[in-house]
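Student: Could you take me on a close look at one part of this model, the pocket and what surrounds it? I would enjoy a connected account.

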Amino acid sequence: MSMNGEYLRVTPGELARALEDPEWALDFASDVQDQEDEETAPADARHFTTHQTWNLLGFLLKRSDFPVDIVFGEELIPEADDWGYEPPRYLTVDRVRLAADSLNRMTYDDLIHGVDHNELTAAEVYPQIWDSPTSLEWARDLLVPLTEFFQAAASAEHAMVIWLD
């Protein structure tokens, strides 16, 4: 079984409801995941996954002093059960906007600039596949769709629920 980074765009009203009723939020997230397929464009999707690249992206973003924690989220949803590996967290509309603006100004080459693949092994970045310099390319294809997902959320003034499952 693998750990996957998961994102759910929510309206401010849906976020308020999620904060009051975490069980509703889990059901809502499951319904959205069931309704969408992998063919849905990131800009049109309510759900997005970074699959197993979440920890690599987190390492690279933290190393670059990214201003928003888009891998784990920033605020815990109170009284929520684990949605896989821990309770979900969220980003407010303002934090989603800041993340979208910041993502829009960077490239994957910016993120991996100066990174040695051995740093990933030393930091025990999940999964442990960092045996060559080319392993840094693993998440390249996800940064653009993740950016599009965040930009669409920011344009719609959506918040974001984030979890690992």
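Tutor: Happy to. Let us begin with the term itself: a pocket here is an open set of points on a 1 Å grid where a 1.4 Å probe fits, with protein on both sides within 12 Å along at least five of seven lines. Its volume is the space filled by probe spheres set on those points. Please keep in mind that this is a predicted model.

By that reckoning, the largest pocket holds about 340 Å³ of space. Its lining is made up of Q33, E36, D37, E38, T40, P42, A45, H47, F48, T49, H51 and L142. Sorted by class, that lining has five polar, four nonpolar and three charged residues. Strand β2 gives the largest share, four residues.

One of the lining residues, T49, deserves a closer look. T49 sits in β2, which spans residues 47-51. Is T49 buried or exposed? Its relative accessible area is 17%, and because buried means under 20%, T49 counts as buried. Setting aside residues up to four places away in sequence, T49 touches N4, G5, E6 and L142. Of these, L142 also appears in the pocket lining. Two of the contacts come with polar detail: the T49 side chain reaches the backbone oxygen of G5 at 2.9 Å, and the T49 side chain also makes a polar contact with the side chain of E6 at 3.4 Å. For a sense of scale, W24 is 25 residues from T49 in sequence, and their C-alpha atoms are 20 Å apart.

The second largest pocket has a volume of about 180 Å³. N55, G58, F59, L61, K62, F66, V68, D69, I70, V71 and F72 line this second pocket, and by class they divide into seven nonpolar, two polar and two charged.

I70 in that lining leads us on to the largest nonpolar core. This core has 39 residues, and I70, Y108, F150 and M160 are those with the most contacts inside it. Two or more residues come from each of α3 (54-63), α4 (93-104), α5 (108-112), α7 (140-155) and β5 (159-164), with α7 giving the largest share, seven residues. As for F150, leaving out neighbours within four places in sequence, its contacts are Y7, I70, L91, V96, A99, A100, L103 and M160. Apart from this core lies another, of 17 residues, including L8, A25, F28 and Y90.

Definitions and conventions
Residues are numbered from 1 along each chain as its sequence is written. This is a predicted model: local features need pLDDT of at least 70, side-chain atom pairs count only at pLDDT 80 or more; totals for chains, interfaces and linings use all residues. Side-chain values use heavy atoms; hydrogens and water are left out. A nonpolar core is a set of buried Ala, Val, Leu, Ile, Met, Phe, Trp, Tyr and Cys residues joined through side-chain atoms within 4.5 Å. Buried means under 20% relative accessible area, exposed over 50%, partly exposed in between (1.4 Å probe, protein chains only). Contact means heavy atoms within 4.5 Å. A polar contact is a pair of N or O atoms within 3.5 Å; within protein, one must be able to donate a hydrogen and the other to accept it, and residues adjacent in sequence count only if both atoms are side-chain atoms. On a 1 Å grid over the protein atoms alone, a cavity is a set of points where a 1.4 Å probe fits but cannot get out, and a pocket is an open set with protein on both sides within 12 Å along at least five of seven lines; lining residues have an atom within 4 Å of a point. Ala, Val, Leu, Ile, Met, Phe, Trp, Tyr, Cys and Pro count as nonpolar, Asp, Glu, Lys and Arg as charged, and the others, Gly among them, as polar.
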